[in-house]
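User: I'd like to learn how to read a structure file by eye. Could you take me through a few features one by one?

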2 protein chains.
Amino acid sequence: MPIADLAARVRTGDRRALAQAITLVESTRPDHREQAEALLAALLPHTGKGVRIGISGVPGVGKSTFIEAFGLHVIGQGHKVAVLAIDPTSQRTGGSILGDKTRMEMLSRDISAFIRPSPAGTTLGGVARRTREAMLLVEAAGFDVVIVETVGVGQSETAVADMVDLFLLLLPPAGGDELQGIKKGIVELADMIVVNKADGDLANAARHAVAEYRHALSLLRPANANWRVPILSCSALNNLGIDSIWDGIGQYRRILGDDGSIAKRRAEQAQAWMWNEIRESLITAFQADPAVRAELSGLERAAADSSVTPGAAARRLLDLFRHR
Amino acid sequence: MPIADLAARVRTGDRRALAQAITLVESTRPDHREQAEALLAALLPHTGKGVRIGISGVPGVGKSTFIEAFGLHVIGQGHKVAVLAIDPTSQRTGGSILGDKTRMEMLSRDISAFIRPSPAGTTLGGVARRTREAMLLVEAAGFDVVIVETVGVGQSETAVADMVDLFLLLLPPAGGDELQGIKKGIVELADMIVVNKADGDLANAARHAVAEYRHALSLLRPANANWRVPILSCSALNNLGIDSIWDGIGQYRRILGDDGSIAKRRAEQAQAWMWNEIRESLITAFQADPAVRAELSGLERAAADSSVTPGAAARRLLDLFRHR
């Protein structure tokens with residue numbers, strides 16, 4: 001199908017065309033990259049209207065159940081919801097999270113929802129770039145709430161926070177000792193914290209966890225003077241508290257939309273994305289250079305064991321690269 | 001002076017030769033860079049024996065008083081102490097911190113101490129590289145305790161933590177609300193936390209601050225299973241508690257020396273340093289390219305206002321760079 005036709009069909013919200021378009025931006029074949037570029041250029045004017053929400057949480061926190069309940073609630077408010085994922089560990093298997101069809105069964109059957117597993121890939125940078133592009137495509141297809149999900153494995157949270165308007169961290173209803181397992185750097189990324197599983201035997205633990213997290217967070221400097229990171233609780237299983245979370249997101253959009261913070265964040269994300277692409281391309285070309293490859297591991301070892309200064313090792317490799 | 005002679009004089013601990021050698025590695029002139037490279041290569045086998053300590057703290061925490069008291073104590077134990085600084089904000093003024101001669105007056109007059117202000121520079125990367133190289137030079141000159149000081153301005157703490165064996169964070173004796181001003185990311189870098197000014201009217205506040213910090217830190221996952229970040233207090237003014245800090249550093253060196261952590265950290269630092277140099281050189285060459293410069297700001301703006309995808313902007317600039 002010519003790219004102009006594909007673009008037109010994506011804009012009508014055609015799910016097959018959208019899936020095909022995402023497959024195209026996920027491809028690493030050079031001719032596909034060129035077509036993907038043309039497709040994105042054609043659709044770019046129709047992107048940017050969605051609210052972009054990142055969601056992360058450690059395994060077992062009930063992420064799928066939460067996204068299903070949240071997605072269905074948002075659809076009930078008249079929105080269309082797309083769920084994308086970032087999982088650099090999925091390698092070539094085609095995505096380990098969201099790959100399983102039994103997850104989010106209700107949501108995946110809803111006509112107003114579009115769910116796409118993580119693209120396969122070996123580097124986080126590559127996976128993140130393709131997810132950013134998929135985000136533009138689902139927006140162009142009329143999905144006005146875009147959720148980017150990630151597993152809680154460190155770096156991927158930063159990648160997600162760097163592509164969304166709001167980063168929501170889902171935490172388990174555990175207090176005290178178990179809190180220690182959560183990386184501080186991740187908490188710092190959060191624009192909203194939600195303690196899930198506030199139900200049954202865990203209701204009490206969830207209340208304590210909210211208080212503990214509130215205390216821990218009071219020790220941090222807020223990233224934005226106009227936004228105090230709220231700590232909410234919910235039971236995704238019993239569908240309790242989901243409405244307050246969506247309301248909180250609405251507040252966030254009003255306050256940080258009005259003061260220009262979201263527009264600024266998006267402009268900065270776009271520039272950072274451009275520079276990341278440049279840096280990755282430059283270092284990829286460097287690492288692929290035959291003259292560099294011939295000496296790289298030897299010089300890396302020499303720098304590590306101090307038989308050469310890191311500066312001298314770098315200069316030697318850069319000379320090889322320049323004079324190839 | 002020929003480089004071999006300069007190297008030999010540095011090794012004897014000659015302070016003038018050392019100062020001259022540091023000036024050489026700080027120079028950006030290409031012929032100086034080459035000489036600096038030769039000097040570092042000659043001295044490299046005689047480096048690495050020092051304990052490398054990073055010290056940071058917000059303005060007003062009493063950093064100079066602390067370093068003076070600490071340095072004199074360490075000299076009293078038979079060591080030779082070098083104090084270097086990183087301050088990327090010093091620009092061309094020749095270093096705003098440590099530039100002032102009235103700071104650390106006693107320490108600066110001590111024959112066993114060597115104090116060097118921050119190199120001038122506009123980028124943190126450049127300032128950090130020159131400080132890393134100066135660190136090798138002072139080690140070769142026989143200084144076995146190297147302190148790298150930085151002002152508390154965010155990124156520079158990471159640069160310091162990435163070049164030392166132990167990062168010591170100096171905190172004010174403030175509890176509750178004032179704690180909020182301290183960036184979480186910085187606390188996370190610390191291998192040791194010291195509350196200063198535990199004297200006079202502030203002694204009580206310092207005690208509370210230690211308890212508060214301990215609680216806050218108990219919520220974090222330790223970076224190294226064998227090392228629980230200690231939170232100590234001292235009065236640099238009254239010279240109280242300085243000995244415990246030096247003892248704590250000794251413990252740190254024993255425990256993380258025995259389990260190989262310090263050697264591993266140094267090897268990783270050297271490799272990261274090499275890659276940083278490579279990345280910086282590549283991006284510098286890219287940014288200096290005339291074809292890139294002609295279109296850069298236009299494409300950066302276009303990416304920020306979404307009139308072009310960041311990926312397409314990057315690709316356009318990379319094409320200009322490759323086909324120059």
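Analyst: We'll go through strands, ring pairs, charges over rings and a cavity. Keep in mind that this is a predicted model.

User: Let's start with strands. How many residues of β4 in chain A are buried?

Analyst: Start with the cover, then look at which way the side chains point. Strand β4 of chain A spans residues 145-151, and 7 of its 7 residues are buried. A:Val145, A:Ile147, A:Glu149 and A:Val151 point one way, while A:Val146, A:Val148 and A:Thr150 point the other way. Notice that A:Glu149 and A:Thr150 are on that buried list too.

User: And which strands does β4(A) pair with?

Analyst: For pairing, look at the bridges and the direction. β1(A) runs parallel to β4(A), joined by 7 bridges, and A:Gly54 stands opposite A:Val148. β2(A) also pairs with β4(A) in the parallel sense, over 6 bridges. There, A:Val83 has A:Ile147 as its bridge partner.

User: What about β5 in chain A: is it buried or exposed?

Analyst: Mostly covered: strand β5, residues 166-171, has 6 of its 6 residues buried. A:Leu166, A:Leu168 and A:Leu170 point one way, with A:Phe167, A:Leu169 and A:Leu171 pointing the other. On pairing, β1(A), residues 51-57, joins β5(A) in the parallel sense over 5 bridges, and β5(A) pairs with β6(A), residues 192-195, over 4 parallel bridges. A:Leu168 is a handy residue to click on: A:Ile55 is its bridge partner, and A:Met192 in β6(A) stands opposite A:Leu168.

User: Now the aromatics. How many aromatic pairs are there over all chains?

Analyst: The structure holds 12. For each pair, check the distance between ring centres and the angle between planes. The rings of B:Phe66 and B:Phe70 have centres 5.6 Å apart and planes at 15°, so this pair is stacked. The two sit 4 residues apart in helix α4 of chain B, so about one helical turn separates them. Both B:Phe66 and B:Phe70 are buried.

For a contrast in angle, try B:Trp227 and B:Tyr252: their ring centres are 5.0 Å apart and their planes at 80°, so that pair is edge-to-face. This one links distant parts of the chain, with B:Trp227 in the loop between α9 and β7 and B:Tyr252 in helix α10, 25 residues apart. Both B:Trp227 and B:Tyr252 are buried. Over in chain A, ring pairs link A:Phe66, A:Phe70 and A:Trp246 into a cluster.

User: Where does the charged end of A:Lys80 sit?

Analyst: Here you look for a charged group over the face of a ring. The charged end of A:Lys80 sits over the ring of A:Phe143, 4.5 Å from its centre. In chain B, B:Lys80 lies over the face of B:Phe143, at 4.5 Å from the ring centre.

User: Last one: how many cavities of 30 Å³ or more are there?

Analyst: The general idea is to roll a probe the size of a water molecule over the atoms, which shows where empty space is left. The count here comes to 3 cavities of 30 Å³ or more. Take the second largest, with a volume of about 50 Å³.

User: What lines the second largest cavity?

Analyst: Its lining residues include A:Ile22, A:Leu84, A:Arg116, A:Pro117 and A:Ala134. Helix α6(A) gives the largest share, 3 residues, while α2, β2 and α6 of chain A each supply at least two. By class, the lining has 6 nonpolar, 2 polar and 3 charged residues.

Note on methods: Residues are numbered from 1 along each chain as its sequence is written. Chains are lettered from A and ligands numbered from 1 in the order in which they are written. This is a predicted model: local features need pLDDT of at least 70, side-chain atom pairs count only at pLDDT 80 or more; totals for chains, interfaces and linings use all residues. Side-chain values use heavy atoms; hydrogens and water are left out. On a 1 Å grid over the protein atoms alone, a cavity is a set of points where a 1.4 Å probe fits but cannot get out, and a pocket is an open set with protein on both sides within 12 Å along at least five of seven lines; lining residues have an atom within 4 Å of a point. Grid points are joined across faces, edges and corners, and a volume is the space filled by probe spheres set on the points. Ala, Val, Leu, Ile, Met, Phe, Trp, Tyr, Cys and Pro count as nonpolar, Asp, Glu, Lys and Arg as charged, and the others, Gly among them, as polar. Buried means under 20% relative accessible area, exposed over 50%, partly exposed in between (1.4 Å probe, protein chains only). Two strands pair if DSSP finds at least two bridges between them. Rings of Phe, Tyr and Trp (its six-membered ring) pair if their centres lie within 6.5 Å; planes under 30 degrees apart count as stacked, over 60 as edge-to-face and the rest as tilted. A charge sits over a ring if NZ of Lys or CZ of Arg is within 6 Å of the ring centre and within 35 degrees of the ring normal.
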